[in-house]
Amino acid sequence: MRKCIAAVLLAICSLTNSQVANAQSVSQDILLNATVPSYCTIGGSATTSPLGPYTIPVSATGVVNTTQINVPAIPNVVCNRAANFSFQSVSSGVTSGGPAPMGATNVIEYAAVANFGGATASYNTSTDSGSVGTTPNAVTDNLVVAITPLLPTLPLAPGNYTDTLIVTLSPTP
């Protein structure tokens, strides 16, 4: 009887050991994906606060100083693909608004130039035209803007003059 029990136990151990030795592994692939839109940001944000104001010097006799105004470099501008950038003037020049008196003007025209990612864009309020800059690929760089006031052909009317110059960066389609 002992021999019989020992034989059964030996058979069970052999069977168990052979199953462990023949154990099989299995794996499961897990697929991951993401969709990243094209974007441009300034300072890590898609919304910004206005810079300035930058003052165009005008003498006591109404003469505009045409010295270039260099806006400090705008850091951490990122476009994750090639991008277009251009200017828009809200008031088509620095203006006091309303009609100018006869024989005077209420607009100080200016030219603006921006450099970003090796590309350049320009804008001139006197012609309301400019060029679009296009970066060749994705860019992380400073946006550098310079504004040059232009001499008016008529005397400037008294008043407070303002304008908002907008630089727009857009990923290319």
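Which side chains along β3 point to one face and are buried, and which point to the other and are not? In this predicted model, A83, F85, F87 and S89 share the buried face. N84, S86 and Q88 point to the other face and are not buried. You may recognise a general pattern here: in a regular strand, side chains alternate between the two faces of the sheet.

Now look at the neighbours of β3. Strand β11, residues 165-171, runs antiparallel to β3, and 7 bridges join the two. Within that pairing, Q88 has I166 of β11 as its bridge partner. β3 also pairs with strand β9, residues 133-134, again in the antiparallel sense, over 2 bridges. There, N84 stands opposite T134 of β9.

Next, turn to the loops, where some backbone angles deserve a look. The table lists two residues that have a positive phi although neither is a glycine.

| Residue | Phi | Loop |
|---|---|---|
| S92 | near 60° | between β3 (83-89) and β4 (94-95) |
| D128 | about 50° | between β7 (119-124) and β8 (129-131) |

Is S92 buried, partly exposed or exposed? S92 counts as partly exposed because its relative accessibility is 35%, and partly exposed covers values between the 20% cut-off for buried and the 50% cut-off for exposed.

One more loop is worth a visit, the one between β1 (40-42) and β2 (69-79), where P53 is found. The peptide bond leading from G52 to P53 is cis, and its omega is near 15°.

Conventions:
Residues numbered from 1 in each chain as written. Predicted model: local features only at pLDDT ≥ 70, side-chain atom pairs only at ≥ 80, totals over all residues. Heavy atoms only, no water. Helix = DSSP H or I, 4+ residues; strand = E, 2+ residues; numbered from the N terminus. Buried < 20%, exposed > 50% of the residue type's maximum accessible area, 1.4 Å probe, protein only. Pairing = 2+ DSSP bridges.
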